[in-house]
Amino acid sequence: MSKGDVAQGCLKKSGGLQDRDASANASSSPVIAAFKVFQQELDTKHDKHERLVKISRDITIESKRTIFLLHRVTSVTDVESILKESDVKLDLVRRKIAQIAEELRGEDIYQFHRAFTAGIQEYVEAVSFQHYIRHRTLISLEEINVMLVFTKAQSTDSKEPTEEDAPPTPVTTLSAAPFQVIPSDYLLGVADLTGELMRMCIGSVGNGDIDTPFQLSQFLRQVHDGFSYIGNSGPYEVSKKLHTLRQSLAKVEDACYALRVRGSEIPKHMLADVFASRDAMMDADEGVA
């Protein structure tokens, strides 16, 4: 082996050692450590976002089931039993919202708002629908938030144990984890409520209830007036749902007009079919326009 080959081999070995030292320095540099911290924070945030999305889906499903249950009040005589059953379902929904409150403890709610807003809107729609059936009024945002203050029991020892003393007595404290529905979610949920009231109107007419449509018409006018004051100054989604609100109000007013003018001409068991066909014609005209 020549001296040149030996020298070249020594250079390769020294180059390999330098590369390993450089990689070791890179792995221990503060920049790489900071990036690892950022990666861990992002992974934690994404995992929390996915958990909130799943909880929101469960809230949406249970809230829709509650709404379907409440629509049965137009066809049964024992309305109170339906309302009690809906109370049980809404309590289950609030337990799901309590999980969201725990996930958001110490977090900025607006960072994760898009993950659970759909479920909260559906819950507002369900609880406001139940409140209207029970009280014939619109539930306020404050009343909704009062029901979303959750407490969690935590046990602590009253004093330090000693050899002579008896075992310490645990003291139970309550840790509050409130969840606040923001105004935009409340408004969007109330806007969706108008569609359910329109369906309730048609269902009432089909069961021979002539008074409920006129009560719903007056209530929907008041809701429409309230949304009109907001106009384009509110969230973008509110202005979009205002069009649907006007459609629901128009259908209820059309049903009231038909009842007042032609109510005596149409048999009660045919009223629902007549209004269903009129709604289909209105929807077709709106689609052409």
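1. Overall surface. The chain has an accessible surface of about 17600 Å², and 54% of that belongs to carbon and sulfur atoms. Accessible areas come from the Shrake-Rupley method with a 1.4 Å probe, and for residues only the protein chains shown count as cover.

2. Status of the model. This is a predicted model, in which local features need pLDDT of at least 70, side-chain atom pairs count only at pLDDT 80 or more, and totals for chains, interfaces and linings use all residues. Residues are numbered from 1 along each chain as its sequence is written, and side-chain values use heavy atoms, with hydrogens and water left out.

3. Fold content. The chain holds nine helices and two strands. From the N terminus the order of elements is α-α-α-α-α-β-β-α-α-α-α. Helices (H or I, at least four residues) and strands (E, at least two) are DSSP runs, numbered from the N terminus.

4. Burial and contacts. Of the 289 residues in the chain, 36% are buried. Buried means under 20% relative accessible area, exposed means over 50%, and partly exposed lies in between (1.4 Å probe, protein chains only). Contacts (heavy atoms within 4.5 Å) reach across the sequence. Among those between residues at least 6 apart, 74% join residues at least 24 apart.

5. The largest nonpolar core. A nonpolar core is a set of buried Ala, Val, Leu, Ile, Met, Phe, Trp, Tyr and Cys residues joined through side-chain atoms within 4.5 Å. The largest one here has 58 residues, and the members touching the most others are Ile97, Tyr123, Ile144, Phe179, Val181, Leu197 and Phe227. Two or more residues each come from H2 (30-70), H3 (79-103), H4 (113-135), H5 (141-146), H6 (183-206), H7 (211-230) and H8 (236-262). H6 contributes the most, with 11 residues.

6. Phe179. Which residues does Phe179 touch, leaving aside those up to four places away in sequence? The partners are Ile97, Ile100, Ala101, Leu104, Ile109, Phe116, Ile120, Asn145, Leu148 and Phe150.

7. Helix H7. The expected span of a helix is 1.5 Å times one less than its number of residues. For the 20 residues of H7 this gives 28 Å, and the end C-alpha atoms are 30 Å apart, which agrees. The buried residues of H7 are Thr212, Pro213, Leu216, Ser217, Phe219, Leu220, Val223, His224 and Phe227. Their cover includes H4, H6 and H8. After H7 comes Gly231, with a positive phi near 60°.

8. Salt bridge between H2 and H3. A salt bridge is a side-chain nitrogen of Lys or Arg within 4 Å of a carboxyl oxygen of Asp or Glu. The whole structure has 11 of them. In one, Lys96 pairs with Asp58, with the closest N and O atoms 3.7 Å apart. Lys96 is in helix H3 and Asp58 in helix H2, so the pair ties together parts that are 38 residues apart in sequence. Lys96 is partly exposed at 26% relative accessibility. Asp58 is partly exposed at 32%.

9. Salt bridge within H6. Glu196 and Arg199 form a salt bridge, with the closest N and O atoms 3.2 Å apart. Why are they about one helical turn apart? Because they are three residues apart in helix H6. An α-helix has 3.6 residues a turn, so residues three or four places apart point the same way. Burial splits this pair: Glu196 is buried at 12% relative accessible area, whereas Arg199 is partly exposed at 47%.

10. Salt bridge between H7 and H8. Arg221 and Glu253 meet through their side chains at 3.0 Å, N to O. Arg221 lies in helix H7 and Glu253 in helix H8, so parts 32 residues apart in sequence are tied together. Arg221 is partly exposed, at 38% relative accessible area. Glu253 is partly exposed too, at 31%. Elsewhere, Lys48, Arg51 and Glu103 are joined into one network by salt bridges that share partners.

11. Nonpolar surface patch. Val31, Phe35, Val37 and Phe38 make a nonpolar surface patch of about 400 Å². Patches are made of residues with over 30% relative accessible area and no salt bridge; like charges are joined within 9 Å, nonpolar side chains (Val, Leu, Ile, Met, Phe, Trp, Tyr) within 5 Å. Phe38 sits in helix H2. With 46% relative accessibility, Phe38 counts as partly exposed.

12. Glu237. Glu237 belongs to helix H8 and is partly exposed, at 39% relative accessible area. Its C-alpha atom is 9.4 Å from that of Leu187, 50 residues away along the chain.
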